Amino acid sequence: MFVTVNGKILPCERIGHQFNLGMIRDDKIELNPLEIARKYNQYYNKVDKQCLSCANKPSCIQCLFNLKDIDTHPICFGCMNKEMMESVKRQQFDFMRKHPEAYREILDTTITI
């Protein structure tokens, strides 16, 4: 959660203010859970078909709120079919084979929880 200097409540600090969840005022917090759920469901319903057919689902890092044209016709540029996903995997494995030092750095600097 993130609160702007103007009191807007956002899901995180990296998205536009148009996606605010509510407001903090001097004397109260304004949140409407039903409206938040309606808005989120509306966004998810617009990308649902893309996500269902995406081979990258288990590794997806795409933020819904950073999709272009989220209010009209969002397109996820991270969406991949099986062939595209296999190509990306091959490229990543090829890079790691050619640059084992990068692989070692990833292992040494990655923090696991």
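Okay, let me start in helix α2, with K89 and E86: they are three residues apart there, which means about one helical turn separates them. This is a predicted model, by the way, so keep that in mind throughout. K89 and E86 make a salt bridge, and their closest N and O atoms sit 3.7 Å apart. How buried or exposed are the two partners? K89 has a relative accessible area of 33%, so it goes down as partly exposed. E86 comes out at 35%, and that is partly exposed too.

Now, the background for you at the bench: side chains of opposite charge can pair when their charged atoms come close. In this structure, a search of the whole thing turns up seven salt bridges.

Let me show you another one in a helix. D108 pairs with R104 in a salt bridge, with 3.1 Å between the closest N and O atoms. Where do they sit? Both are in helix α3, which covers residues 100-109, and they are four residues apart, about one turn of the helix. D108 is at 53% relative accessibility, and since the cut-off for exposed is over 50%, D108 counts as exposed. R104, at 47%, counts as partly exposed. While we're on salt bridges, there is also a network: R25, K28 and E30 are joined into one by bridges that share partners.

Let me zoom in on one piece of that. R25 bridges to E30, and the closest N and O atoms there are 3.0 Å apart. R25 has a relative accessible area of 41%, so call it partly exposed. E30 is at 29% relative accessibility, and that also makes it partly exposed.

Okay, still in α2 for a second: M84 is found in that helix. With a relative accessible area of 41%, M84 is partly exposed. If you want a sense of distance, take M84 and K39: they are 45 residues apart in sequence, and C-alpha to C-alpha they are 31 Å apart in space.

Right, on to the inside. As a general point, nonpolar side chains tend to be buried together in soluble globular proteins. Which residues make up the largest nonpolar core here? There are twelve in all: I9, I15, F19, L21, Y40, Y43, V47, L64, F65, L67, I70 and C76. Helix α1 gives the largest share of this core, three residues.

Pick I70 out of that set and look around it. Leaving aside residues up to four places away in sequence, I70 touches F19, Y43, K46 and L64. Of those contacts, K46 is the lysine to look for on your screen.

One of the core residues, C76, turns up again at the largest pocket, where it is among the residues that lie nearest the centre. The others nearest the centre are C51, C60, I61 and Q62, and 17 residues line the pocket altogether. How much space lies in there? About 270 Å³. As for the chemistry of the lining, it divides into eleven nonpolar residues, five polar and one charged.

Now a couple of stops in the loop between α1 and α2. For orientation, α1 runs 33-52 and α2 runs 82-98, and N56 has its place in the loop between them. Is N56 buried or exposed? At 12% relative accessibility it falls under the 20% cut-off, so N56 counts as buried. Its contacts, again not counting residues up to four places away in sequence, are G78, M80 and M85.

D69 lies in that loop too. What stands out is the backbone: phi of D69 is near 60 degrees, a positive value in a residue other than glycine. For context, most residues other than glycine have a negative phi. D69 has a relative accessible area of 42%, so it is partly exposed.

Last stop, the other loop I want you to look at. H17 sits in the loop between β2, residues 8-10, and β3, residues 22-24. H17 is partly exposed, with a relative accessible area of 36%. What does it touch? Apart from residues up to four places away in sequence, H17 is in contact with T4, K8 and L10. And H17 and I29, twelve residues apart in sequence, are 17 Å apart in space, C-alpha to C-alpha.

That's my tour, thanks, everyone.

Terms used
Residues are numbered from 1 along each chain as its sequence is written. This is a predicted model: local features need pLDDT of at least 70, side-chain atom pairs count only at pLDDT 80 or more; totals for chains, interfaces and linings use all residues. Side-chain values use heavy atoms; hydrogens and water are left out. Helices (H or I, at least four residues) and strands (E, at least two) are DSSP runs, numbered from the N terminus. Buried means under 20% relative accessible area, exposed over 50%, partly exposed in between (1.4 Å probe, protein chains only). Contact means heavy atoms within 4.5 Å. On a 1 Å grid over the protein atoms alone, a cavity is a set of points where a 1.4 Å probe fits but cannot get out, and a pocket is an open set with protein on both sides within 12 Å along at least five of seven lines; lining residues have an atom within 4 Å of a point. Grid points are joined across faces, edges and corners, and a volume is the space filled by probe spheres set on the points. Ala, Val, Leu, Ile, Met, Phe, Trp, Tyr, Cys and Pro count as nonpolar, Asp, Glu, Lys and Arg as charged, and the others, Gly among them, as polar. A nonpolar core is a set of buried Ala, Val, Leu, Ile, Met, Phe, Trp, Tyr and Cys residues joined through side-chain atoms within 4.5 Å. A salt bridge is a side-chain nitrogen of Lys or Arg within 4 Å of a carboxyl oxygen of Asp or Glu.
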